[in-house]
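What follows is a guided reading of one protein model, to be taken slowly and with the coordinates open alongside. Please look over the sequence and the structure before going on.

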Amino acid sequence: MTMKNITYATILLMVYAVAATVNVVAELQRFEHLPTKADGSLDILVIGDWGRRGLYNQSYVAFQMGKVGEKIDADFIVSTGDNFYEDGLVNDQDSLFDESFTQVYTVTSLQKQWYSVLGNHDYRGNVSAQLSPTLTHKDSKWLCLRSFIVNSGIVEFFFVDTTPFQDKYFTEEEHTYDWSGILPREEYLSNVLKEVDMALEESNATWKIVIGHHTIFSAGSHGNTQELVDQLLPILEAKDVDLYINGHDHCLQHISSQNSQLQFLTSGGGSKAWRGEVNQWDPKEMKFYYDGQGFMTLRVTDNEISVAFYNVFGEIIHSWRTSKYTHMDS
Ligand SMILES: *[C@@H]1O[C@H](CO)[C@@H](O)[C@H](O)[C@H]1NC(C)=O
Ligand SMILES: *[C@@H]1O[C@H](CO)[C@@H](O)[C@H](O)[C@H]1NC(C)=O
Ligand SMILES: *[C@@H]1O[C@H](CO)[C@@H](O)[C@H](O)[C@H]1NC(C)=O
């Protein structure tokens with residue numbers, strides 16, 4: 001190779017590198033899911049940590065969620081991740097998809113769009129299988145992406161891929177994770193943060209809700225995710241996010257912030273729960289902790305947001321609401 005050729009090749013490589021970077025920093029994929037109710041309100045169901053072939057009460061939670069979904073006429077369903085235990089999906093033909101999703105969430109009211117993020121257990125399998133359009137062809141309600149936005153007019157949902165933030169998955173030896181599409185990690189994480197920050201900045205929605213698999217704050221067995229406390233939380237606080245909703249700890253939980261309106265909600269009770277581990281927490285912040293199975297509903301109107309947690313019997317075990325204009329708790 002002549003010197004000239006090498007230089008040319010290097011320049012070409014640099015051009016490709018810049019193009020690739022620009023491509024990655026491009027905006028998050030955006031979906032529009034506007035309310036259909038005449039009064040403009042939006043009702044959604046939130047469930048996390050569920051896919052176990054109906055076992056560990058997954059089927060009972062699904063049944064109750066279906067009943068509640070019918071009552072509230074749910075617009076769509078959010079999954080906070082850990083969709084398929086123990087190790088995600090093997091490929092897009094994996095029968096677990098059918099056995100743990102399609103055959104479990106059978107009630108009519110649940111045949112709405114699902115918006116799912118990936119959990120750490122999903123990363124133990126084949127990530128591109130869960131993101132594959134083939135699954136949506138098999139079951140049209142399925143959609144799982146890494147980080148994306150759902151715009152519902154009065155409210156905007158920002159889904160964040162949180163697993164790559166946690167250091168321990170990159171060092172632990174007992175499990176392997178599918179990091180294809182994530183490396184180099186620092187670049188991936190900084191792009192996710194930039195994209196979310198930018199999208200929050202540009203959002204015109206009255207309410208901003210961020211969803212990820214991992215906890216920011218939690219009194220459960222996994223506890224806080226320090227990487228998200230350090231890197232994601234400052235963005236959520238600076239951009240006046242109203243709710244952060246996660247799974248990961250197998251419980252239902254509501255932690256209130258003392259220095260902003262931000263509320264931390266865990267809906268991780270889709271199947272196996274009852275870990276019996278709860279850590280001490282400031283009672284001024286801990287509004288609710290339930291170490292059992294269940295799910296969450298969220299109702300959003302122009303000036304009010306309300307949240308309810310349901311147990312496996314379909315009973316409301318905690319509810320909370322706030323108004324945009326007065327910030328009155330109840
Ligand atoms: C199912 O739910 C019931 C009622 O909450 C509970 O007593 C039981 O332990 C649960 N079963 C499993 C396997 O988690
Ligand atoms: C992951 O899943 C995709 C989609 O089914 C498949 O094409 C690919 O071969 C799988 N990868 C591995 C390593 O099995
Ligand atoms: C917010 O409103 C402005 C002005 O109408 C518009 O240009 C912008 O695209 C909107 N942002 C989003 C994210 O829709």
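Phenylalanine 295 stands opposite tyrosine 310 in strand β13, and this pair is a convenient place to begin. The model is a predicted one, in which local features need pLDDT of at least 70, side-chain atom pairs count only at pLDDT 80 or more, and totals for chains, interfaces and linings use all residues. Residues are numbered from 1 along each chain as its sequence is written, chains are lettered from A and ligands numbered from 1 in the order in which they are written, and side-chain values use heavy atoms, with hydrogens and water left out.

Strand β12 (residues 294–300) and β13 pair in the antiparallel sense over seven bridges, where strands are DSSP runs of E of at least two residues and helices are runs of H or I of at least four, both numbered from the N terminus, and where two strands pair if DSSP finds at least two bridges between them. With three residues between them, β12 and β13 form a hairpin. On to the next strand: β13 also pairs with β14 (residues 316–323), again in the antiparallel sense and over seven bridges, and here isoleucine 305 has threonine 322 of β14 as its bridge partner. The hairpin of β13 and β14 has four residues between the strands, and glycine 314 in the turn has a positive phi of about 80°. How enclosed is strand β13 by the rest of the structure? Because six of the eight residues of β13 (residues 304–311) are buried, the strand is largely enclosed; buried here means under 20% relative accessible area, exposed means over 50%, and partly exposed lies in between (1.4 Å probe, protein chains only).

A second pairing involves strands β2 and β3, which run in the parallel sense over four bridges, with leucine 45 opposite isoleucine 77 in β3. Both faces of strand β3 (residues 76–79) are covered, since Phe76 and Val78 on one side and Ile77 and Ser79 on the other are all buried.

Serine 41 sits in the loop between β1 (29–32) and β2 (42–47), and it counts as buried because its relative accessibility is 1%. Its side chain makes a polar contact of 2.7 Å with the side chain of aspartate 39 and another of 3.4 Å with that of arginine 299; a polar contact is a pair of N or O atoms within 3.5 Å, and within protein one must be able to donate a hydrogen and the other to accept it, while residues adjacent in sequence count only if both atoms are side-chain atoms. Leaving aside neighbours within four places in sequence, serine 41 is in contact (heavy atoms within 4.5 Å) with Pro35, Asp75, Arg299, Val300 and Thr301.

Histidine 121 belongs to helix α4 (residues 120–123) and, at 11% relative accessibility, counts as buried. Although 37 residues separate histidine 121 from phenylalanine 84 in sequence, their C-alpha atoms are 7.1 Å apart in space. The side chain of histidine 121 also reaches the backbone oxygen of glutamate 86 at 2.7 Å.

That glutamate leads to some backbone geometry. Most residues other than glycine have a negative phi, and most peptide bonds are trans. The peptide bond from tyrosine 85 to glutamate 86 is nevertheless cis, with omega near -10°, and glutamate 86 lies in the loop between β3 and α3 (96–102). Leucine 183 and proline 184 are likewise joined by a cis peptide bond, with omega about 0°. Aspartate 49, which is not a glycine, has a positive phi of about 55° and counts as buried at 0% relative accessibility. Aspartate 240 also has a positive phi, near 55°, but counts as partly exposed at 46% relative accessibility.

Finally, consider two of the ligands. Around ligand 1 are Tyr56, Asn57, Trp274, Gln293, Val312 and Phe313, each with a heavy atom within 4 Å of the ligand, as the definition of being near requires. Taken alone, ligand 1 exposes 370 Å², of which the protein buries 54%, with areas from the Shrake-Rupley method with a 1.4 Å probe and, for residues, only the protein chains shown counting as cover. A polar side-chain atom of asparagine 57 lies 2.2 Å from an oxygen atom of ligand 1. Ligand 3 is surrounded by Arg30, Glu202 and Asn204; taken alone it exposes 360 Å², and the protein buries 34% of that.
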